[in-house]
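Student: I am new to this structure. Could you take me through it, giving the reason behind each label?

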Amino acid sequence: MRQSQLLIPTIKEVPADADIVSHRLMLRAGLIRQVASGLYTWLPLGLRVVRKIEAIIREEMDRSGAQELSMPVVQPAELWRETGRWEKMGPELARFQDRHERDFCLGPTHEEIITDLFRREVHSYRQLPCNFYQIQTKFRDEVRPRFGVMRAREFVMKDAYSFAADQASFDATYREMHRCYSRILMRMQLDFRAVEADTGNIGGANSHEFHVLADSGEDTIVHATEGDYAANLERAVSAPPPPCGAATETMREVATPGVTTIAQVAALLDAPVTQCLKALVIRGKKGPIVIMLRGDHELNLIKAQKIPGAQQPLEFADAAEILAATGANPGSIGPVGLQAPLIVDPQAAATADFICGANRDGHHYRGVNWGRDLPLADSQVLDVRNVAPGDPAPGGQGELRFLKGIEAGHIFQLGRTYSEAMQAKVLDRDGKPVTPIMGCYGMGVTRLVAAVIEQHHNAGGILWPDPLAPFDIHILALNYGKSSIVREAADNLAAQLEAGGLATLLDDRAERPGVKFADADLIGLPRRIVIGDRGLREGRVECRIGHGAEMEALAPNEAAARLTDLQR
């Protein structure tokens, strides 16, 4: 392919609105152009990478036994109403009406469509287990699209959906999809981590996310230093705390005028923050619910949303509700004598001689102990906090450490959430109707392009791994338009390489050498050949075979043979 005939609009300037490396490089290297917020046109170079990612995913999905199909982007509202997600999804779901005023949406995912297809076409346990997948455009009306294609509104995703007659059969499919995702990411030469995760709007009991490790990642990955435990921060837990120590102080009330934060309380009373408990108040279905955390810990909103009786979605009580429920304003609330339902994090429950609000403005208690001063049995002890670096890992696996990751894939154990709601059934061996167990498995195709660049780049530009490079070889023909020997040598070499099965990009543009080298660094193909008048007169071309390799002087025919052999 001649570079002069390919739309690769590279730019020197760093785009002002691009916050992360991949977004900047995708714009500068001419892979994408923005149409509107969160909407992008994929240009030829970028689309070639997308197609390579799709090919790897398709090969591994087919290898796993999944069947490819294609479902519509536009979906009727009545299917979403069957599962209750028409209302639950909120404004992220792009809704519209057709000319007959019937409700539709642009599909962000396809659980409803595939379950409807299944209940119409699959009727016997003999047809199970089955797994269907597609690679297709999705639309989610993100409240704040950002980071280029990393958090776009329109994107390409591979989504798959499995059905099984029993738990054992489903578990086998789920394990195979876990292996399949690992194979896909390994083939893309990505450093990744599979972690336990929350199921979010998709629902179901359990799930695993596959994160490409990168400092720019939006997700925090928690892992053990001495074992294989790993989880998203939303799901992560630490080892249970040791039993609460014995009381050594007498409970007493102290004045704390004008003091409302944990840091202020700890400073005033000359106590460590870990000895203070803080109260947070959320809205419950029957009134406010008070949550007690240790002073140095943060509330995990995903865990808190699962508190029995909590309002859905999670909402914090306002000042008037807090005052009515506790008799005090925020900053002076505590568990002693509290009439509202109480949720206590295990770390807070394991703290002795603690400091807490006295439910009287400007006053706190010191030396409070569970059991002696207030009954812990009347409260619910639930893990509702974010773990912290250095916390003991579950199962004695050392300590917890944090990494940043880009979510590239997510697999879900849906159970019967959708099949029951949509009354999808098959006949078992005895001819009795049974509801199948479902799983779903998503992988962000276009997001993976950005994730690859986040891991594979340098100061000059992108460093494409071999399996994903839009072209295998970049030929830089210096003075191509004016030198007949350069032109002849470049054309011949490009033809030999293409005949050998290597996708070759020939820079035949009438540009200065500096521009060609800068663009080549920006585009980032793994192999490069530089052809110039002086080198040809000496019977050589310059070759770089792989990122970071030194340039080698080779005869043109030797270069062609060497590179073609690498392909075999």
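Student: Why is Cys543 called buried or exposed here?

Tutor: This is a predicted model, so every value is computed from it. Cys543 has a relative accessible area of 1%. Buried means under 20%. Therefore Cys543 counts as buried.

Student: And which label does Cys130 get, buried or exposed?

Tutor: Cys130 has a relative accessible area of 7%. That is under the 20% cut-off, so Cys130 is buried.

Student: How do you know whether Cys130 is in a disulfide?

Tutor: Look at the sulfur atoms. The nearest cysteine sulfur to that of Cys130 belongs to Cys440, 14 Å away. A disulfide needs two cysteine sulfurs within 2.5 Å. So Cys130 is in no disulfide. The structure as a whole holds zero disulfides.

Student: What makes Arg183 buried or exposed?

Tutor: Its relative accessible area is 14%. Buried means under 20%, so Arg183 is buried. Arg183 lies in helix H6, residues 167-187.

Student: Why is the pair Arg183 and Glu60 called a polar contact?

Tutor: Their side chains are joined at 2.6 Å. The cut-off for a pair of N or O atoms is 3.5 Å, and 2.6 Å lies within it, so the distance fits the label. Arg183 also touches Arg63, Ser64 and Glu176, leaving aside residues up to four places away in sequence.

Student: What is unusual about the phi of Glu101?

Tutor: Phi of Glu101 is near 65 degrees, a positive value in a residue other than glycine. Most residues other than glycine have a negative phi. Glu101 sits in the loop between strand S5 (94-97) and strand S6 (103-106). Its relative accessibility is 63%. Exposed means over 50%, so Glu101 counts as exposed.

Student: Where is Asp353, and is it buried or exposed?

Tutor: Asp353 is in the loop between helix H10 (346-349) and S17. Its phi is positive too, near 55 degrees. Its relative accessible area is 8%, under 20%, so Asp353 is buried.

Student: What makes strands S13 and S17 edge strands?

Tutor: Each of them pairs on one side only. The open sheet has three strands, in the order S13-S18-S17, with antiparallel pairing. S13 covers residues 252-255 and S17 covers 354-357. On average, neighbouring strands of this sheet are turned by 30 degrees against each other, direction ignored.

Student: How do you know that S13 and S18 pair?

Tutor: Count the bridges. Four bridges join S13 to S18, residues 363-368. Pairing takes at least two, so these strands pair. Val254 stands opposite His364 in S18.

Student: Which peptide bond involving Pro129 is called cis?

Tutor: The bond between Leu128 and Pro129, with omega about -5 degrees. Pro129 is found in the loop between helix H5 (111-121) and strand S7 (130-139). The bond from Gln312 to Pro313 is also cis, with omega near -5 degrees. Pro313 lies in the loop between helix H8 (301-304) and helix H9 (319-326). Most peptide bonds are trans.

Student: How many helices and strands does the protein chain have?

Tutor: The chain has 16 helices and 28 strands. Of its 568 residues, 52% count as buried. Its C-alpha atoms fill a box of roughly 95 × 65 × 50 Å along the principal axes.

Terms used:
Residues are numbered from 1 along each chain as its sequence is written. This is a predicted model: local features need pLDDT of at least 70, side-chain atom pairs count only at pLDDT 80 or more; totals for chains, interfaces and linings use all residues. Side-chain values use heavy atoms; hydrogens and water are left out. Axes are lines fitted to C-alpha atoms, for helices over the stretch in contact, and angles run from 0 to 180 degrees between N-to-C directions. Buried means under 20% relative accessible area, exposed over 50%, partly exposed in between (1.4 Å probe, protein chains only). A polar contact is a pair of N or O atoms within 3.5 Å; within protein, one must be able to donate a hydrogen and the other to accept it, and residues adjacent in sequence count only if both atoms are side-chain atoms. Contact means heavy atoms within 4.5 Å.
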